[in-house]
Amino acid sequence: MSAVQQLVILGATGSIGLSTLDVVARNQQQFKVFALTAGQNAKKMAELCIAHQPRYAVMASESAAKQLSALLKHESKTQVMHGEKAMSELCAHVDVDTVMSAIVGAAGLLPTLSAVEAGKKVLLANKESLVMSGQLFIDKVKKHKATLLPIDSEHNAIFQCLPSALQNTQGQAKLGQHGVSKILLTGSGGPFLNRDINTLNTVSVSEAVAHPNWSMGQKISVDSATMMNKGLEFIEAKWLFNCDANDIDVVIHPQSIIHSMVQYQDGSILAQMGNPDMRTPIAHALAYPERIDAGVKPLNFSDICDFSFTKPDFSRYPNLKLAIAACDAGQGATTTVNAANEIAVNAFLQGQIGFTDIYKVNAQTLDAAQFTDAKTLDEILECDRLARISAAQFITKVVH
Ligand code: NAD
Ligand code: MG
């Protein structure tokens, strides 16, 4: 690789942000941290600024930024800023090459779009931004000649298994033109794959966030337990790989060794495998098309006892079915279900609703929504706003 890549990491204090910084620290001759951003955790951000000395650090609120400035006083020359606008501006900064989009939820949309509009190399972990804006997002990638590389382990695996002709078309070419007949999207089934389905209503927060294979942020951990995560990933795959719902099959693979597969017309199926560690897809995308050290141990096949596959059971995972139906229904539906789910998962994490209520809130919000097909950014943001209000109202009904 030639010049040093200047990086912005959106969501630096989170699970993906920290894994990204770990890979960067192992490859300092190739990557430099230009800016870090985070929500409220000023203490963690101060540690990161001292360790990585970015030119800028942005917190979501003014109070968190003040706290950070106080913590950094004599320790770092980092310039501290706050707010979404500052995050978006830094993503588009002329000195920046690459943006890691790893804010959780819809809050990631505008900074990520800013990076796309500036034609940057965008490493996309924040699947919610693509789910809520689909066509608009992909059109902007094409228009501004941005490079979009998937970080979600399944999509990164699929990307790695695609022929290079498809890797280079940024989701514009049809899979069938290059001999691909199917995308096999794998998922572990989360912590409740074998739990008695009648007891799912009593699931606690700590049980729901205890993923058997991956260590992740709270929201995506709950989404993995409901398999809404796989539903969001289904929609994400449709946009990233320019395919239809019937081009994608969801396969349950509890061991998370295969991260997804691509099936070809000649009967070949290519799989990407590895230990479940997000540093692998992060390193892949950072260095693409080259390879760098990610600090991840290789798989030891003699340690693998079970290697199994099943079909998802929609009665156990109704959120998966709902998301696939929303994918068929169009952008208004996917924006709505994404927003409702964010509100419902947050209410579950706060102890306001039960685990199985997450589906009820999502389904009722989708049923009640009167969206036209959200196309422009204003229509998308309005659709997202209305769905949040509606979901919050259903939650009040569940609580009382
Ligand atoms: P996390 O909760 O660990 O971290 C989220 C980050 O976003 C934190 O830095 C937080 O400060 C920041 N943030 C939260 N709200 C914000 C706001 N309003 N404004 C600005 N910043 C805000 O989450 P995570 O597990 O790292 O996931 C991040 C994204 O990556 C999600 O979209 C998730 O779906 C996706 N992803 C994560 C994994 C994983 O293994 N963790 C795997 C695939 C995809
Ligand atoms: Mg994933």
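Buried means under 20% relative accessible area. Keep that cut-off at hand for the exercises below. The model is predicted.

**Exercise 1. Histidine 211**

Task: Decide whether histidine 211 is buried or exposed, and find where it sits and what it is in contact with.

Solution:
- Step 1. Find the place. Histidine 211 lies in the loop between helix H9 (205–208) and helix H10 (218–226).
- Step 2. Apply the cut-off. Histidine 211 has 13% relative accessibility, so it counts as buried.
- Step 3. List the contacts, leaving aside neighbours within four places in sequence. They are Ser188, Gly190, Met216 and Ser224.
- Step 4. Look for a polar contact. The side chains of histidine 211 and serine 188 are joined by one of 3.1 Å.
- Step 5. Check the record. UniProt, in an unreviewed entry, lists His211, Ser188 and Ser224 among the residues for "binding site". Of the listed residues, Ser153 is included in the lining of the second largest cavity.

**Exercise 2. Lysine 230**

Task: Work out which side chain makes a polar contact with the side chain of lysine 230.

Solution:
- Step 1. Locate lysine 230. Its place is in helix H11 (residues 228–240).
- Step 2. Test burial. The relative accessible area of lysine 230 is 5%, so this residue is buried.
- Step 3. Collect the contacts, again without neighbours within four places in sequence. Lysine 230 touches Glu154, Leu185, Thr186, Gly187, Val250 and Leu320.
- Step 4. Pick the partner. The side chain of glutamate 154 makes the polar contact, at 2.8 Å.

**Exercise 3. The magnesium ion**

Task: Name the protein donors of the magnesium ion (ligand 2) and give their spacing along the chain.

Solution:
- Step 1. Name the donors. They are Asp152 (OD), Glu154 (OE) and Glu233 (OE).
- Step 2. Read the distances. These donors lie 2.1 to 2.2 Å from the ion.
- Step 3. Write the spacing. It is D-x1-E-x78-E.
- Step 4. Test two donors for burial. Aspartate 152 has a relative accessible area of 7%, so it is buried. Glutamate 154 has 8%, so it is buried.
- Step 5. Link back. Glutamate 154 also makes the polar contact with lysine 230.

**Exercise 4. Ligand 1**

Task: State how many residues surround ligand 1, then describe three of its oxygen distances.

Solution:
- Step 1. Count. Ligand 1 is surrounded by 23 residues.
- Step 2. Name the closest. They are Thr13, Ser15, Gly39, Glu128 and Gly217.
- Step 3. Take a side chain. An N or O atom in the side chain of threonine 13 is 2.7 Å from an oxygen atom of ligand 1.
- Step 4. Turn to the backbone. For glycine 14, a backbone N or O atom is 3.1 Å from a ligand 1 oxygen atom. For glycine 39, a polar backbone atom is 2.7 Å from an oxygen atom of ligand 1.

Methods
Residues numbered from 1 in each chain as written. Chains lettered and ligands numbered in written order. Predicted model: local features only at pLDDT ≥ 70, side-chain atom pairs only at ≥ 80, totals over all residues. Heavy atoms only, no water. UniProt positions renumbered as here; feature names shortened; annotations may be inferred. 1 Å grid on protein atoms, 1.4 Å probe; cavity = no way out; pocket = protein on both sides within 12 Å on 5 of 7 lines; lining within 4 Å. Helix = DSSP H or I, 4+ residues; strand = E, 2+ residues; numbered from the N terminus. Buried < 20%, exposed > 50% of the residue type's maximum accessible area, 1.4 Å probe, protein only. Contact = heavy atoms within 4.5 Å. Polar contact = N/O pair within 3.5 Å; in protein donor to acceptor, adjacent residues only side chain to side chain. Donors = N, O, S within 2.8 Å, 3.2 Å for Na, K, Ca; no water. Near = heavy atom within 4 Å.
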